[in-house]
Amino acid sequence: MTSAKRAPGGAGIFRRKPVEEIAEETDEGLSRSLGLWQLTAIGVGGIIGAGVFALAGAVAHETAGPAVLVSFLIAGLASAAAALSYAEFAGMIPKAGSAYTYGYVVLGEAVGWFIGWDLLLEYTAIVAVVAIGISGYFGFLLGELGLALPAWMLGAPGTGDGHVVDLFAVLLCLLIAFLLNRGIKSAARVETFVVGLKVAVVLLVIVVGFFHVKTSNYSPFFPFGVSGAFTGAATVFFAVFGYDAMSTAAEESKDARRHMPKAIIWSLAISMVLYVLATLALTGMQNYRDIDPESGFSSAFASVGLSGLASVIAVGAIIGILTVMFTFMLGVTRVWFSMSRDGLLPAWFSKLHPVRRVPSRVTWIVGVGSALFAGFLPIRQAAELTNIGILLAFTVVCVAVIVLRYRRPDAPRTFRLPGMPVVPALGAIFSIWLITFLAPVTWLRFGAWFLLGALVYGLYGYRRSALADRG
């Protein structure tokens, strides 16, 4: 009880929870049932997916050409610096919330609030984007099988003749919400199995693809100039940060202090190796001008006479990208749960299922919200809601890990990122730099959401915060 009354650091909107208090592990709240490999699978599940099966083809065709490989390497480098920062925090603070919690502890309540508020939109939009991407592969598969569905259910308004709603994407969002509500242990078992299938499909793509590579397809390597590769990096960054959503599950890890840092690093390393090899195969099999931006690998294999394998890849994409939806829906519900538990949002949202110990209310809200995004927004409009917030979250975490290292060098750490403060500083600089490549409309939408968040915090969160009555 002593820690519960300990005065927070800072004052007003910059009040902070003491590290010792928030780092305490208890048996209350979410169920601790995830091991190292389940956490790693969730991380890989969040990273590998849309990047391989959707974004790689779109960026190669429209932005970078064969230099999409460079785009992934740049994004991976920036992501690695942030990943090491997340790993150090994850080894110190075994609580749900990820960047929201880290920002709250180190930089104050207002910073934590805006990062958390930001992630509520970003993660929900990512779930929607991925659902739309899967729906595109589903349409490709139906075409290969000679089947046709009514036009009204095949896409959002404005994406094609007669399109009213992307019904398949809507159903996918609701399916993931249902799965998460079954309990984290059961859901993680399904996730681990499906991630294994996905990695197998990616390896199949790489191995078979390299037998059909034509080196002439790599020339010119920078058809859109070097700037095209950098612009592509800002886009594919969306595909290399699933580990941050995975870190929101720290409170459901059996041994978060030891396992979370390892899971973050392993998941990013595995995913980047697969990304590099897969993009080499894709742009080597088919000229970038001919790559289908919606179902890149399926069209590439069809172009070399492997239509049967193209259908297998489409099925693998549909199954595999589901894991990305799982990881980010898990992430947004845990951030929402943490903000509610801290009093910044109504306590009604943090109510756990009495048996399964999951935040079932917010899970269904996110499921329905992402379904509406996926059903009625074109994929580009949905995608524009994602990257800026994640990049800002990365910036905050990279800055916060530097501040805490110097403010509390004595705090117990199971993992210490190397190269302090250079590595996290580079992560922050890379993230801010990539933000400059995003479209102005992205800033406008983010600004509107930011202002709404300021209103909610001012009218509710600031006064209802768990720290509001502590001196």
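**Figure 1. Cys-398 and Cys-173 in a predicted model without disulfides.** In this predicted model, Cys-398 has a relative accessible area of 0% and is therefore buried. Cys-173 likewise comes out as buried, because its relative accessible area is 0%. A search that covered the whole structure returned zero disulfides.

**Figure 2. The chain as a whole, given as the setting for the close-up views.** The secondary structure of the chain consists of 18 helices and zero strands. With a radius of gyration of 21 Å, close to the 23 Å that the globule rule gives for 471 residues, the chain is as compact as a globular protein of that length. Taken along the principal axes, the box filled by the C-alpha atoms is roughly 70 × 45 × 40 Å. Of the 471 residues, 59% count as buried, and the accessible surface of the chain comes to about 17300 Å², with carbon and sulfur atoms contributing 69% of that area. Among contacts in the chain with a separation of 6 or more, 82% are accounted for by residues 24 or more positions apart.

**Figure 3. Helix 17 and the face formed by its buried residues.** Helix 17 covers residues 422–435, and its 14 residues should span 20 Å at 1.5 Å a residue, which agrees with the 20 Å that lies between its end C-alpha atoms. The residues Pro-424, Gly-427, Ala-428, Ser-431, Leu-434 and Ile-435 of this helix are buried. Seen down the axis of helix 17, these buried residues fall within an arc of 135 degrees, so they line one face of the helix. Val-422 and Ile-429, on the other side of helix 17, are exposed. The packing partners of the buried residues of helix 17 are helix 4 (68–92), helix 9 (226–236), helix 16 (387–407) and helix 18 (440–464).

**Figure 4. Helix 16 and the loop that leads from it to helix 17.** Helix 16 is one of the helices against which the buried residues of helix 17 pack. For its 21 residues, a rise of 1.5 Å a residue predicts a span of 30 Å, and the end C-alpha atoms of helix 16 are 30 Å apart, which agrees. Helix 16 is mostly covered, with 16 of its 21 residues buried. The loop between helix 16 and helix 17 contains Pro-421, and the peptide bond from Met-420 to Pro-421 is cis, with omega near 0 degrees.

**Figure 5. The cis peptide bond at Pro-220.** Ser-219 and Pro-220 are joined by a cis peptide bond, for which omega is about 0 degrees. Pro-220 belongs to the loop between helix 8 (184–210) and helix 9.

**Figure 6. Thr-327 and the residues in contact with it.** Thr-327 sits in helix 13, which comprises residues 307–341. Its relative accessibility is 0%, and Thr-327 therefore counts as buried. When residues up to four places away in sequence are not counted, Thr-327 touches Ile-42, Gly-45, Gly-46, Glu-191, Gly-242, Ala-245 and Met-246.

**Figure 7. Ala-125 in helix 6, viewed together with Phe-230.** Ala-125 is part of helix 6, which comprises residues 109–144. Since its relative accessibility is 0%, Ala-125 counts as buried. Ala-125 and Phe-230 are 105 residues apart along the chain, and their C-alpha atoms are separated by 23 Å.

**Figure 8. Ser-98, a residue other than glycine with a positive phi.** Phi of Ser-98 is near 55 degrees, which is a positive value in a residue other than glycine. Ser-98 lies in the loop between helix 4 and helix 5 (99–107). With a relative accessible area of 0%, Ser-98 is buried.

**Figure 9. Arg-357 in the loop before helix 14, and the helix itself.** Arg-357 is found in the loop between helix 13 and helix 14, and its phi is near 55 degrees, a positive value in a residue other than glycine. At 30% relative accessibility Arg-357 counts as partly exposed, because this class lies between the limits of under 20% for buried and over 50% for exposed. Helix 14 covers residues 360–376, and its 17 residues should span 24 Å at 1.5 Å a residue, in agreement with the 24 Å between its end C-alpha atoms. The buried residues of helix 14 are Ser-360, Val-362, Thr-363, Val-366, Gly-367, Ser-370, Ala-371, Ala-374 and Gly-375.

How values were computed. Residues numbered from 1 in each chain as written. Predicted model: local features only at pLDDT ≥ 70, side-chain atom pairs only at ≥ 80, totals over all residues. Heavy atoms only, no water. Helix = DSSP H or I, 4+ residues; strand = E, 2+ residues; numbered from the N terminus. Buried < 20%, exposed > 50% of the residue type's maximum accessible area, 1.4 Å probe, protein only. Contact = heavy atoms within 4.5 Å. Expected span 1.5 Å × (residues − 1). Arc of directions from axis to C-beta. Disulfide = S-S within 2.5 Å. Rg over C-alpha atoms; globule rule 2.2 N^0.38 Å. Areas by Shrake-Rupley, 256 points an atom, 1.4 Å probe, with all protein chains shown as cover.
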